[in-house]
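Thanks for making time. I would like to walk through one model, element by element, and then take comments.

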Amino acid sequence: MSSGPEPGPGPRTRPGTGTGPGIGPGPRLPFLPGCAIKDPTKTSFHRSQTLGFKNGYAFSRLPREGVGGDTLFANQLSQDELDDLCTKGSTLTYGQVRRSAPSSFTPAFVAYDKKVLKFDAYFQEEVAISAEEHYRIRQVGIYYYLEDDSMCVIEPKVKNSGLVQGKLMRRHRVPKNEQGDYYHWKDLNLGIDLTMYGRTYRLVNCDSFTKVFLESQGIEVNPPEEMVSDPYTEQRRTPVQKPIVPAGPDPFRQFLTYDTKVLRFYAIWDDTNCAFGDHHPCVIHYFLADDTVEVREVHRRNDGRDPFPVLMRRQRLPKIFVDKNKNFPSCVLEITDHEVQEWYSPKDFAVGKSVTLLGRTFLIYDCDKFTQDFYREQYGITDFQPVDVNKKAIEKAPQVIPPYNGFGIPEDSLQNCLSLFPKPPRKDIIKMLENNLKILRYQVALESPVPEDKNRRFILSYFLSDDTIGIYEPPVRNSGIPGGKYLKRTRVTKPGSTPENPIYYEPSDFTIGSTVEVFGHRFVITDADEYVLNYLERNAESFPAATLQSIRDHFHPRQVVVETASSGFPKKDLDDLIVEVQKELKLHHEPFNTRKFHEAFHHFDTEGSGFLDKTRFLNVCDRFHVPTSTILLKKLIDYCSCGEDKVNYRDFLLAFPSNLFPEAEGQDQQLNSQLT
């Protein structure tokens, strides 16, 4: 142990600096750059370790050495620890003392959020440049915001006031005096003058929230005062006394009384006395404000006139002129009051009256409702019956159709009488589409006293699409007549019909043995094809029964001959022959396509009669190579023959039914699908 005094704490030095070990605690050099002396004995300047582990537990210990290697006393405590030992000594024995919860605290910006004090006030403003007012009273509202003690001044906007109104002072804390104090809500009350930025406001009233708030804070609110009005505004609101209008005619008074009031008359200007004249509908406007007249012409669509709306410009029109001297020119540039004795006035216009305006005579036939009310009030006129000015309809002369001259068809020639540019007569498109390619063919003979014409035969074709008739003469060798087209397609009228009401031949007029007269030539119907009979039977309701019966009677002997020819052999022998042919077909290795065989015969039978020429019949059989014996095939053809030239192919096809070889049809369908 050292016998000397213990070293006190002494003045502290910066780590790494000092006066050395031989320097005592006396005054030292100032701690400035260049004045510090480094101690060469101190080499370690790190802080001592205060954390450690013992038996797996972390604990803290007091540092033993300070910065620079100075020894620290182990039992030295910090000031905070000493304070804890002095104040909380009992806590170590009895534990922490339970304290009461602190009182709730609400900041002012939360407690007074959206709470505003509102005062009604006014201030007086001088007016130096007006002779009607010397000062002006402006009413404002003063708002005090409790959350941040800010204020603003707002003046309600008045329309067309000419003043800059609205927010006169933005929201902020308003200074109260030069010492830096601000206005507080404790400084506000009714009946006081409040000066802000050199302008004095008089507070006269407040709302209910402001009054309740001030009284809750112990402030006695003064009684409200009456709001002062602006004297100039009150003067403007007082009614202005109207000046006394002097009696007598006053043009200015007439203008103010009758401005935008116009009398409207509907008139007709008859200009038919002039070349190319006409009746011109017009509208006459009489302006009551200055006794001027304007005439406008009413234009209609395609009336052939230039679209000038104004016939006479707006002007005063003279009615009676003053007697002029003979040497005074009749044409002047301008008419003055000295030259006119009387001008046109409203009393000169009336419904049903003719007025002459600048040399043009107008007949007034009607007026509008305002004009009627004006004359009823001013002149007591009640009769405003309109005048009928409509032109009488011109009776059209009946059109006389000239007689038919024989050129072309009557319908085509009639178009030249109906239009300057004739158009072809309209056709029945629906009928043409429904009856397209439908032709009724008849064999006719020519009635003629010439012996050479008795043996001539013609084919009369009736086209159902347009009811036209064409006649063709088949050429006959060595007859001396070339043949060919005898009559091109045209509509043929019946004998006795007139050009005004032509009657044309129809299918019901063609019967066997009837006579058809075509442009002076008479033809007798001797025969018809089987399509005529089929067509008449399908549409029997559209034709007379006599026509249909005539065609049936003509075809009946032919059908009997066919049935007799087909029944020349016993039906049992024919059935046995058909069975033998079908057995031989089934024994053939390759299937026979009977469906195409049927289609070939129907294709060549264009008339649908069921008969074919024997030559064409044999050609079809050779082309399909019928797989049966020649003996059976020839025997079947003999059974189905009708005479020497015709073969009934329908009976022949009974031996070749279309469903005899269904596999052949399936192969054809598969081939067609592959090709597709």
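I will start with the chain as a whole, then go through the strands, the helices and a few single residues.

A point to keep in mind throughout is that this is a predicted model. The protein chain has 676 residues, and buried residues make up 28% of them. Its secondary structure comes to 17 helices and 25 strands. Taking contacts with a separation of 6 or more, 49% are between residues 24 or more positions apart.

Now the strands. Toward the start of my list is β3, residues 116-126, which pairs with β4, residues 135-145. The pairing is antiparallel and runs over 11 bridges. Within it, Tyr122 has Gln139 of β4 as its bridge partner. β3 also pairs with β8, residues 199-206, again in the antiparallel sense, over 4 bridges. There the example is Phe119, whose bridge partner in β8 is Cys206. So much for β3.

The next item is an open sheet of 6 strands. Reading across, the order is β20, β19, β18, β17, β22, β21, and the pairing is antiparallel. Which strands stand at the edges? They are β20, at 484-490, and β21, at 515-518; each has a single partner strand, so one side of each has no neighbour in the sheet. From one strand to the next, the twist averages 30°. As a general reminder, strands of a sheet pair through backbone hydrogen bonds, either parallel or antiparallel.

Inside that sheet, take β17, residues 439-447, and β18, residues 457-463. These two run antiparallel and are joined by 7 bridges. Gln443 is placed opposite Ile459 in β18. A helix lies across part of this sheet: α10, residues 530-538, lies across β17 and β22, the latter being 521-528. The direction of α10 is at about 125° to β17.

One residue on the edge strand β20 is worth a separate entry, and that is Tyr486. Is Tyr486 buried, exposed or partly exposed? Its relative accessibility is 31%, so it counts as partly exposed. Setting aside neighbours within four places in sequence, Tyr486 is in contact with Arg456, Phe458, Ile471, Tyr472, His521 and Phe523. For a distance, Tyr486 and Pro474 are 12 residues apart in sequence and 9.7 Å apart in space, C-alpha to C-alpha.

On to the helices, beginning with α7, residues 369-378, and its residue Thr371. Thr371 counts as buried because its relative accessibility is 0%, where the cut-off for buried is under 20%. What does the side chain of Thr371 reach at 2.9 Å? It reaches the backbone nitrogen of Arg264. Apart from neighbours within four places in sequence, the contacts of Thr371 are with Leu263, Arg264 and Phe265.

Then α13, residues 594-604. Its buried residues include Thr594, Phe597, His598, Ala600 and Phe601. These span an arc of only 155° around the axis, which means they sit on the same side of α13. What do the buried residues of α13 pack against? The partners are β23 at 611-613, α14 at 614-624 and α16 at 649-652.

That leads to α14, where Phe617, Val620 and Cys621 are buried. Viewed down the axis of α14, the buried residues fall within an arc of 95°, so they line one face of the helix. Thr615, Asp622 and Arg623 are exposed on the other side of α14. The cover over the buried residues of α14 includes α13, β23, α15 at 630-640, β25 at 646-648 and α16. Just after α14 comes His625, with a positive phi of about 50°.

Last, the cysteines. In general terms, a disulfide is a covalent bond between the sulfur atoms of two cysteines. How many disulfides does the structure hold? The count is 0. Two cysteines I looked up are both on the buried side of the cut-off: Cys152 counts as buried because its relative accessibility is 2%, and Cys621 counts as buried because its relative accessibility is 4%.

That is the end of my list. Comments, please.

How values were computed
Residues are numbered from 1 along each chain as its sequence is written. This is a predicted model: local features need pLDDT of at least 70, side-chain atom pairs count only at pLDDT 80 or more; totals for chains, interfaces and linings use all residues. Side-chain values use heavy atoms; hydrogens and water are left out. Buried means under 20% relative accessible area, exposed over 50%, partly exposed in between (1.4 Å probe, protein chains only). A polar contact is a pair of N or O atoms within 3.5 Å; within protein, one must be able to donate a hydrogen and the other to accept it, and residues adjacent in sequence count only if both atoms are side-chain atoms. Contact means heavy atoms within 4.5 Å. Two strands pair if DSSP finds at least two bridges between them. Axes are lines fitted to C-alpha atoms, for helices over the stretch in contact, and angles run from 0 to 180 degrees between N-to-C directions. A disulfide is a pair of cysteine sulfur atoms within 2.5 Å. The arc is that of the directions from the helix axis to the C-beta atoms.
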